[in-house]
Amino acid sequence: MEFIVDKQTKTVSITKEFAAHLSLVWDAYTQAELLDQWWAPKPMTSRTKAMDFEVGGRRFYAMVSPEGDERWAVQKYTSITPKTNFKFFNAFADKDENLELPGSDWDLNFSEQDGKTKVSISIYNESLERMERVIAMGFQQGAEAQLQNLEDLLGKLTQG
Amino acid sequence: MRRDIFQAIADPTRRAIIALIALQAMTPNALAEHFDTTRQAVSKHLRILTECELVTQEQKGREIYYRLEIEKMKEIDEWLEQYRKIWETRYSQLDDLLATIKKQKGEK
């Protein structure tokens, strides 16, 4: 995975290659039941309440902590070129889907070569204050995720 | 009031101020000589940087010197590192999911 932060243009770029065909990877990004299986870093879970993947449509979902705390967000689809690209505007929200602005603009590109699929995401934050908030929230999640991974590893080692 | 550290570095003049005082503590007057702006404008930037705790003031005789808080700058990179880790976790989960689906579909 390649992860680049350009503080001057307020853009984060993430590029990753997956060992799967494009159609499957595309589905994993655009179907709620698949998204919910990977979008939230463990031990958080993702719960999509509503999703219509079409221009003008949106995904309304929550990141749920192990304690059951919900953090709602909305992704409004602004452009879709099937199996090639889609764009959305992302913003935090309350449980009634009232947006908390500002948000961020996401641009996702998909391409396949030799049976592998490359996904390039660029995230533009109109406010870096928001980016700080996302990262500050992730700080806790990240630490918890590491612990969870360690527990998984220890579990495997003791069973093995 | 605690200001946003990213807002502090988003402005090109403030980034230039940070670069200058990283080398040595400076007075607002000395800093203003490096820019095409008024001393008032430089003071405003310094106030924002101070509120972000990126710079601290130090009284020397009749002059106030501003110095950079290096540790605070490191915090920015630590935040970004955490954000990178979120994506690594997320994508390792997607790797696993794709492998599971492929297996279910009977692909090699």
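**Exercise 1. State the size of chain A and the share of its residues that count as buried, then describe its elements.**

Solution. Of the 160 residues in chain A, 26% count as buried. The model is a predicted one. Next come the elements: chain A contains three helices and eight strands. Along the sequence they follow the pattern β-β-α-α-β-β-β-β-β-β-α. Last, the contacts: taking those in chain A between residues at least 6 apart in sequence, 34% join residues at least 24 apart.

**Exercise 2. Find where confidence in chain A is lowest and where it is highest.**

Solution. Start with the whole chain: the mean pLDDT of chain A is 83, and 79% of its residues reach 70 or more. Then go by element. Helix H3 (residues 128-159) of chain A has the lowest confidence, with a mean of 51, while E3(A) has the highest, at 95. Over residues 138-144 of chain A the pLDDT is below 50, and this stretch has eleven contacts in the model beyond near neighbours in sequence.

**Exercise 3. Give the order of the strands in the open sheet of chain A, and explain which strands stand at the edges.**

Solution. The sheet has eight strands in the order E1-E2-E8-E7-E6-E5-E4-E3 (chain A), and the pairing is antiparallel. Strand E1 (2-6) and E3 of chain A each have a single partner strand, so each is left with one side that has no neighbour in the sheet. These two are therefore the edge strands. From one strand to the next, the twist averages 20°.

**Exercise 4. Follow the pairing from E3(A) through E4(A) and E5(A) to E6(A), counting bridges at each step.**

Solution. Step one: strand E3 (residues 45-51) and strand E4 (residues 58-64) of chain A pair in the antiparallel sense over six bridges. Within this pair, Ser46(A) stands opposite Met63(A) in E4(A). The hairpin of E3(A) and E4(A) has six residues between the strands, and Gly56(A) takes a positive phi near 95° there.

Step two: E4(A) is joined by seven bridges to strand E5 (residues 70-81) of chain A, and the two run antiparallel. Arg58(A) stands opposite Lys76(A) in E5(A). Five residues lie between the strands in the hairpin of E4(A) and E5(A), where Gly68(A) has a positive phi near 95°.

Step three: E5(A) pairs with strand E6 (residues 85-93) of chain A over nine bridges, in the antiparallel sense. Here Ile80(A) stands opposite Phe86(A) in E6(A).

**Exercise 5. Describe the hairpin of E1(A) and E2(A), then say which strands helix H1 of chain A lies across.**

Solution. E1(A) and E2(A) pair in the antiparallel sense over five bridges. The bridge partner of Val5(A) is Val12(A) in E2(A). Four residues lie between the two strands of this hairpin, and Lys10(A) in the turn has a positive phi of about 55°. As for helix H1 (residues 22-30) of chain A, this helix lies across strand E2 (11-18), strand E7 (99-113) and strand E8 (116-125) of chain A. H1 runs at about 170° to E7(A).

**Exercise 6. Describe the make-up of chain B in the terms used for chain A.**

Solution. Chain B has 108 residues, of which 21% count as buried. There are five helices and two strands in chain B. From the N terminus on, these elements run α-α-α-α-β-β-α. Among contacts in chain B between residues at least 6 apart in sequence, 49% join residues at least 24 apart.

**Exercise 7. Explain why the buried residues of H2(B) line one face of the helix.**

Solution. First the helix itself: H2 (residues 12-23) of chain B has twelve residues and reaches 17 Å from its first C-alpha to its last, close to the 16 Å expected at 1.5 Å a residue. Its buried residues are Arg14(B), Ile17(B) and Ile21(B). Seen down the axis of H2(B), these fall within an arc of 55°, so they line one face. The general rule is that an α-helix has 3.6 residues a turn, so residues three or four places apart point the same way. On the other side of H2(B), the exposed residues are Pro12(B), Ala19(B), Ala22(B) and Leu23(B).

**Exercise 8. Locate Cys52(B) and classify its exposure.**

Solution. Cys52(B) is in the loop between helix H4 (39-51) and strand E1 (55-60) of chain B. A residue needs 20 or more neighbours to count as buried. Cys52(B) has 19 C-beta neighbours inside 10 Å and therefore counts as partly exposed. Its C-alpha atom is separated by 8.9 Å from that of Lys72(B), 20 residues apart along the chain.

Notes:
Residues numbered from 1 in each chain as written. Chains lettered and ligands numbered in written order. Predicted model: local features only at pLDDT ≥ 70, side-chain atom pairs only at ≥ 80, totals over all residues. Expected span 1.5 Å × (residues − 1). Buried ≥ 20, exposed ≤ 12 C-beta atoms within 10 Å, placed from the backbone. Arc of directions from axis to C-beta. Contact = placed C-beta atoms within 7 Å. Pairing = 2+ DSSP bridges. Axes fitted to C-alpha atoms, helices over the stretch in contact; angles between N-to-C directions. pLDDT = per-residue confidence, 0-100.
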